[in-house]
Amino acid sequence: METISEETFLIIISHLSFWDKTRCIRVSKRWRNLIRRSMLYALSIRDHFSLHGAIDENTGKQVRHLRLENCPFDTFTTLSLPGIFLNLKTLNWTSDVPSPKLTIPRKPIYSQQFEKWNQLESIVSLTKEYNPVPILVLESSKFTRLTTLIIEPSNSEKPFDIPYSKELLECLKNTPALTNLTLDNITASPFYMDELHRNLPKLGSLKLTGFCFANSGAYKPVSQPVVRLKYLVIKFKSSPHYTLCREFQSEQIMSYLLYVDTKYSHLKTLSIGFDDDATPMPFIRSVEGYVIKILSHLPYLKDYQLRVSTMTDMILLTMDENKIEISNIKIYLEEYDVRRQFNFILDSEQKDYITNLEITDTVQSSRAVPNDILVFDFVRNLKCLRTLELGCQTKALSYSYELLINIVDELKTLKFLAISVFDNILNPEIALDTYQIIETSLNFVDLNFIGDASNKSRLKYLNNILQFVLLSSPHLRTFSLDGALYFEEFGTISLDVTQNKVLTELTVSLDNVSYYTFERSDQHCIRYRNIDEPMNLTETEEFKPTYSLELLSNPDILDLDDAEPKTKDKIACQ
């Protein structure tokens with residue numbers, strides 16, 4: 001290790017955790033100096049007070065990756081950043097607090113500063129409000145190394161107007177090497193989209209959220225397609241603050257589908273929907289013909305998600321006739337489309353190709369036919385299925401414990417399972433004896449539980465289900481449990497992972513519980529988290545697969561400041 005170059009050493013050290021780095025500092029003086037430099041290599045500043053007086057120009061030159069979190073800088077500090085961090089490669093600016101309005105100086109002044117960052121390779125701006133810095137940076141110079149640009153203001157209630165969108169899109173001519181672009185709240189016409197592709201010849205991934213497509217009747221489709229673009233995600237604006245009449249909404253979407261048909265021919269991922277999946281949006285039946293036309297021109301398509309159209313027999317027939325093999329698919333369930341959509345897929349060749357499936361239930365009332373039966377009969381016939389996500393929109397129904405058990409018991413080749421469960425357990429005396437503990441291939445399980453655990457029988461049933469899932473998943477590497485359970489009295493939920501020998505990450509985020517972990521061998525409580533705080537053992541300490549986790553519904557039963565080991569043992573064993 002003493003003979004390798006500094007660059008190679010820094011690459012190796014970058015894979016170590018903070019605590020491992022602190023141990024390696026003790027090896028030698030050379031290691032200490034290099035590791036200290038590596039800690040500056042990726043710098044995170046969590047407030048603007050951390051910057052003043054803490055980082056000088058000499059220190060800032062060593063920083064390559066800068067992350068700014070909730071830093072409401074004034075104009076002077078913002079303009080001084082390029083002078084401090086001269087050799088920056090990635091800039092990640094996140095904020096969920098309001099920022100002071102910057103007084104933008106004349107272009108020659110800010111261009112002189114921001115052009116020092118012309119070696120940037122990635123810019124990410126995820127802020128609560130509009131952040132002008134990315135546009136000022138892009139205007140200042142040519143960025144021949146920039147490959148990733150993400151700009152997403154999270155608090156914009158309506159799409160930005162065309163002048164702003166045009167200004168932003170025109171800035172992209174300074175980023176000819178860009179391959180990954182994500183923009184939020186953009187209004188663009190076909191002309192602007194054509195200009196975007198002319199300026200970004202290497203673009204392979206495009207994601208536009210909060211999008212408004214301003215169609216122009218004078219536009220003539222360009223015959224030359226964009227062949228490099230493989231990933232396209234478009235989410236139209238559906239905020240109530242930007243209300244569109246039904247006719248205009250349909251016209252906007254159909255116009256964009258026509259543009260997709262004329263422009264993109266090598267897509268592998270196509271996703272078109274609305275930026276707020278929680279808002280019930282009616283399917284636009286008239287777009288089926290446009291979807292069929294698009295699919296006939298996309299022979300490489302693998303990932304299909306269209307919120308604006310159901311899975312019809314004609315759409316699936318088009319996929320089969322054009323030899324399209326869809327491996328990733330997302331289905332939105334409506335009241336009258338559940339059985340029909342499932343049957344269309346099972347009658348097509350696509351059922352033999354689907355490996356990743358996501359189903360989102362949008363119905364907010366009871367169904368005539370139980371949803372669990374339809375979903376289970378569908379997924380059990382997808383022989384290549386490896387990833388399954390079952391979710392629901394806000395206020396919609398979610399799935400039952402029985403469905404969870406059936407999936408684990410039946411789909412033994414499944415590797416990834418995420419499911420939202422809501423069940424009052426009408427008959428908590430139902431035993432799990434009929435389900436034998438079997439060995440599945442699951443290595444990732446994410447459970448979201450919402451329901452009633454108010455008495456001992458319900459709690460026992462819930463614990464039995466968790467035990468069944470864990471014992472049936474010996475290859476489990478990641479396990480997550482979240483949601484909210486209702487308790488009327490003291491109770492304990494047990495997660496015994498002593499048999500999950502390869503488990504490396506355990507995360508729990510349940511409302512109304514406190515968390516205690518202990519080693520099964522000596523029953524000593526070793527970790528505690530306050531009520532309603534997420535807990536991730538991987539982040540807090542070196543994880544051991546011999547841990548058992550107790551979730552206590554009464555957070556006041558144990559005072560850790562004066563608790564005796566006997567009390568801890570008593571709680572842990574309940």
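# Exercises on a predicted model

Ring pairs join Phe-211, Phe-213, Phe-236, Tyr-256, Tyr-259 and Tyr-264 into a cluster. Keep in mind that this is a predicted model. Let's work through some of it.

## Exercise 1: aromatic pairs

Find out how many aromatic pairs the structure holds, then classify the pair Phe-211 and Phe-213 and the pair Tyr-401 and Tyr-461.

Solution. Start with the total: there are 13 aromatic pairs in the structure. A pair of rings is described by how far apart the centres are and by the angle of the planes.

Take Phe-211 and Phe-213. Their ring centres are 6.0 Å apart and the planes stand at 40°, so this pair is tilted. As for the surroundings, Phe-211 is buried with a relative accessible area of 1%, and Phe-213 is buried too, at 2%.

Now the tyrosines. The rings of Tyr-401 and Tyr-461 have centres 6.2 Å apart and planes at 80°; planes over 60 degrees apart count as edge-to-face, so that is the label here. This pair links distant parts of the chain: Tyr-401 sits in helix α15 (residues 401-410) and Tyr-461 in helix α16 (residues 456-471), 60 residues apart. Both tyrosines, Tyr-401 and Tyr-461, are buried.

## Exercise 2: two helices and a leucine

Describe how α5 packs against α6, and work out where Leu-79 fits in.

Solution. First, the geometry. Packed helices are described by the angle and the distance between their axes. For α5 and helix α6 (residues 107-114), the angle is about 35° and the axes are 8 Å apart.

Next, who touches whom? From α5 come Thr-78, Leu-79, Ser-80, Pro-82 and Gly-83, and they meet Tyr-110, Gln-113 and Phe-114 of α6. Sorted by class, this contact has 4 nonpolar, 4 polar and no charged residues.

Now zoom in on Leu-79, which belongs to helix α5 (residues 75-84). Its relative accessible area is 15%, and buried means under 20%, so Leu-79 is buried. Beyond its neighbours within four places in sequence, Leu-79 is in contact with Pro-105, Tyr-110, Gln-113 and Phe-114. For a sense of the chain folding back, check Gln-112: its C-alpha atom is 9.5 Å from that of Leu-79, though the two are 33 residues apart along the chain.

## Exercise 3: one face of a helix

Say which residues of α13 are buried and what covers them.

Solution. In helix α13 (residues 338-346), the buried residues include Val-338, Gln-341, Phe-342 and Ile-345. Look down the axis of α13: the buried residues fall within an arc of 95°, so they line one face of the helix. Their cover includes α12 (313-321), β12 (328-333), β13 (356-361) and α14 (371-379).

## Exercise 4: three loop residues

Asn-185 and Lys-323 have a positive phi without being glycines. Place each in its loop, then find what the side chain of Asn-500 meets.

Solution. Asn-185, with a phi of about 55°, lies in the loop between β6 (180-184) and β7 (187-188). Its relative accessibility is 1%, so Asn-185 counts as buried.

Lys-323 has a phi of about 60° and is in the loop between α12 and β12. At 64% relative accessibility, Lys-323 counts as exposed.

Finally, Asn-500 is in the loop between β18 (492-496) and β19 (505-511) and counts as buried, at 1% relative accessibility. A polar atom of the Asn-500 side chain lies 3.0 Å from the backbone oxygen of Leu-470. The backbone oxygen of Ser-473 is 2.8 Å from a polar atom of the Asn-500 side chain.

Conventions. Residues numbered from 1 in each chain as written. Predicted model: local features only at pLDDT ≥ 70, side-chain atom pairs only at ≥ 80, totals over all residues. Heavy atoms only, no water. Helix = DSSP H or I, 4+ residues; strand = E, 2+ residues; numbered from the N terminus. Buried < 20%, exposed > 50% of the residue type's maximum accessible area, 1.4 Å probe, protein only. Contact = heavy atoms within 4.5 Å. Arc of directions from axis to C-beta. Polar contact = N/O pair within 3.5 Å; in protein donor to acceptor, adjacent residues only side chain to side chain. Axes fitted to C-alpha atoms, helices over the stretch in contact; angles between N-to-C directions. Nonpolar A, V, L, I, M, F, W, Y, C, P; charged D, E, K, R; others polar. Phe/Tyr/Trp six-rings, centres within 6.5 Å; stacked < 30°, edge-to-face > 60°.
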